[in-house]
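Student: Could we go through this structure together, with the reasons behind the words that are used for it?

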Amino acid sequence: MSELTHAGYRPGAGAWNALSARTAEYTARSAVILLLLLVWTPAGSATAQQAVTTNTCVSCHADLDDEDMSLPVAEWQRSAHRPADIACQDCHGGNPASMVEDEAHDVERDFVGLPDPYVVHELCGECHQVQMENYVPSPHGLEGDFWPNCVDCHENHEVVFPRASLISIPDNCEDCHEQEIMDDFIALTDRGLEPVNEFRRAAEEIRSAGVPVDLILAQASLARDAYIQQASHVFVLDKMTAVVDSLEQVYPRIQKEVNTARTEVDTRRRFGWMFIGLFLVLAGVIWLYRRALPED
Amino acid sequence: MIRRLSNALYHWLDDRVEISIVIDFCHRQLTKPVPRHLNWLFSFGTVTLAFFLSQAVSGVFLMIYYEASADTAYESVRYIMEQVRFGWLMRQVHSYGANFMIAFLLLHSVRVFFYGGYKKPRELTWLFGFALLCVTLAFGFTGYLLPWDQLSYWGTTVGTEIAAATPVIGEYLLILMRGGEIISDVTLTRFFMAHVVLLPWVFIGLVAVHLVLIRYKGISPLEGTDVPEKTPEELKKAGGKPFYPQHVMKEAIVVLLVLASMIFMIIYYPLPLHEKADPFNTPVGVRPEWYFLSSYQALKYLPKTIGIIGSGLVVLAICLLPFWDRTPARRPSRRPVATSLGIMFIVLNIVLALLGKISETEMTIMGTRYHFDIYGWPHAIATVEEPAAEPDTGDGGTE
Amino acid sequence: MSSTPKPPGTDVPPGKPRKSPGKTRPDPVRRRRFLRKCLGALGGVGFLMAVYPLIRYIEPPPEAEGANRVEIDKASLPPGTSRTVIYRGRPTIVVNTSDGYIAYNAVCPHLGCVVKWEGGTQSLICPCHGGKFGTDGSVQGGPIPGPLTAVELSVSDDKIIIGA
């Protein structure tokens, strides 16, 4: 009976199901992805900002004269981890609530100054599990070398959102790889991720115009997750190309949704302008009429 | 043809119910001259009334699909905005209309204050107008909860919390308003009832008396209360124009322009629907709607009881304004004390509202990131630089 | 004095407006009449433009027309039983007869009651006025103007699918 009312209404449920059926293979690790998505939503970032001011690591280290000790705080302030409420203690341990130096740096509470480079991927993998699972058997993680590890490419304190330009950091790749390979790699990443970023930008713009974009965002997230889960940290070009090829089958459909939503925005604005025009003309005619009224 | 038909209908009705008496009366009232000093500012009341009608129409249509229960309210509003044809328009017209209505009602009150329109013999008109202001604010307050999203839920939570500061009966009042300790399904249905049944009828009754009083006593002159007021004939001789069509057309033009600007806002800056209300997760920086912001902010600076008694006294003073301000002058320039006090009160409210707006937010001003605390005072929290040229490869935590 | 024409607009008898043709001087009466017509026309257009979204608003929204495809588990419909589901917003009766599955729009063509399956007589019965339909939807009794409308149906391994 629920078909008759909107009590059971979920936005775009039908199309969502159809899409997830098509990309069922991508959603195997959806639980992890859900966590990732939660971290990225504005709601998550809004609630997180409060906690920052009470972190004693931040409040003490920010004012230290030694730049090696204070710069990490400034860098972290700009990072993607700050709005996600991932702070010092999540990698360095210790007690972020204590004002006493010894307590704050308590080894009993797993405080560690410099984490072991060979376990860095495990620290990051606590949240970024899929990436870790792909990275460990990849050429970069092979035989326990873990070179380069997570922070070599993504930075340690100023962790930024993943993007293609990370690959082009010359120090990190040039030592072992030829420029040609790097160019192929960058081009592939652009092919895989750039459309998704484009969809998201378009969706934000459309959303601010009042037209629902949940379906577009869900599809874009699915595609992005598929890329992150199956391509981003595999580091084998052939495997990655196959993933990107299959993603490019999905992109035209998302593009169609974007176009439909854009048309809806335009239709609404045209309709509104018709009213505005009518009101203004009507006001003008009334004004003229009023002036033409007899003087008494 | 049409003229003959309507003539026939007129005579048919007149033979039976003496409609000519009614029509003559209305015609006399409509063509009553209004004083020459009526400018565009005198149309704000009509704009407010026009918005009330628009709210009534869009509200009735929204009720077709809206379901007032904590489980379905949010979904039904979303459904209206996303599935129903022109549902987006209906919801935007209603929520923007509420803001416009309150804005123009405030402007109308300010205009009446500065032109001394509340003075003898129009004290009753002011009292009914004040009641209308209260009812309209109650409309805004109750309607704000109905979409049941995070903003409306927590905005209403902090809004009702103010009532709890009332001495002695505060806690009881709060429970009565909410129908329980927290805002729940029970609150939603009682707010809904007030919004769609109680307040509309109260408003209609009050506005009828308000309008009759205005028509009966005429528009207030600029001369002081010690000068006898002109009769309609004298007004006409002094150059007064008939209310209809001259002034009505002026008002129609203003209404149309305001409606056009509202449509512009709707299509370019539509009001969003946020996430569904979550009673266990308070978002950062909760604040009530803009028209409650100044009093909400003022209460932050004062001890709770003093604040609530103080603001209660201010409200009472505004309500009883015609009874303690009994000076005869009406022209703003002839009563400098009242005029400057009025301006100060308005400026104070705007400043408080702005402080309320920026409190509990962060903003970057000239390279420094500031956090504004609940009082609206800025605290620098970080300097924002360009991204560092040389990434730090070491780990800062080494001891 | 009496020979000078009166200024227009002061004493025009009703129903006889065209008394001053061919004047180049702007004539406030005609001007007002023209503007009044404009106002009437624009008001009419505005009224229609305002009514249009209101009418569209109360039309059934797209989603409310119901699912275009309903699936039923075969296990939930043993032989000889029936089930009524909502398909495209209308009650639709699915019966597992001895000759296979059948599906009809369950609304009786007589006065709109919903028909029931009667296993004993292998027929669909309307409870309101004694209407009776065969398994092929044809009228077998009662004051029924026409047969039941069949609904597209297909059967897969474990599901009955109503609709395309």
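Tutor: Let us begin with Thr136(B), which, apart from neighbours within four places in sequence, is in contact with Met101(B), Ile102(B), Leu105(B) and Phe203(B), where contact means heavy atoms within 4.5 Å. This is a predicted model, in which local features need pLDDT of at least 70 and side-chain atom pairs count only at pLDDT 80 or more, while totals for chains, interfaces and linings use all residues. Residues are numbered from 1 along each chain as its sequence is written, chains are lettered from A and ligands numbered from 1 in the order in which they are written, and side-chain values use heavy atoms, with hydrogens and water left out.

Student: Why is Thr136(B) called buried?

Tutor: Buried means under 20% relative accessible area, exposed over 50%, and partly exposed in between, with a 1.4 Å probe and protein chains only. Thr136(B) has 3% relative accessibility, so it counts as buried.

Student: What makes the link between Leu132(B) and Thr136(B) a polar contact?

Tutor: A polar contact is a pair of N or O atoms within 3.5 Å; within protein, one must be able to donate a hydrogen and the other to accept it, and residues adjacent in sequence count only if both atoms are side-chain atoms. Here the backbone oxygen of Leu132(B) lies 2.7 Å from a polar atom of the Thr136(B) side chain, and therefore the distance falls within the limit of 3.5 Å. Thr136(B) itself belongs to helix H6 of chain B, residues 123-145, a helix being a DSSP run of H or I with at least four residues and a strand a run of E with at least two, numbered from the N terminus.

Student: What makes Glu18(B) and Phe86(B) worth a second look?

Tutor: Most residues other than glycine have a negative phi. Glu18(B), in the loop between helix H1 (2-17) and helix H2 (19-31) of chain B, has a positive phi of about 45°, and Phe86(B), in the loop between helix H4 (73-82) and H5, has a positive phi of about 60°. Glu18(B) is partly exposed because its relative accessible area is 42%, whereas Phe86(B), at 14%, is buried.

Student: Which peptide bond leading to Pro121(B) is cis?

Tutor: The bond from Lys120(B) to Pro121(B) is cis, with omega near 5°, and Pro121(B) sits in the loop between helix H5 (87-114) and H6 of chain B. Most peptide bonds are trans.

Student: How do you know that Arg85(B) and Glu59(C) form a salt bridge?

Tutor: The term requires a side-chain nitrogen of Lys or Arg within 4 Å of a carboxyl oxygen of Asp or Glu. The N to O distance between Arg85(B) and Glu59(C) is 3.5 Å, so the pair meets that definition, and the count between chain C and chain B is one salt bridge.

Student: How much area do chain C and chain B bury between them?

Tutor: Buried area is the accessible area (1.4 Å probe) that two parts lose on being put together, summed over both. For chain C and chain B the figure is about 1,300 Å², with 66% of it on carbon and sulfur atoms. Leu54(C), Tyr57(C) and Pro61(C) supply 50% of the area that chain C buries against chain B, more than any other three residues. In terms of contacts, 13 residues of chain C meet 15 residues of chain B.
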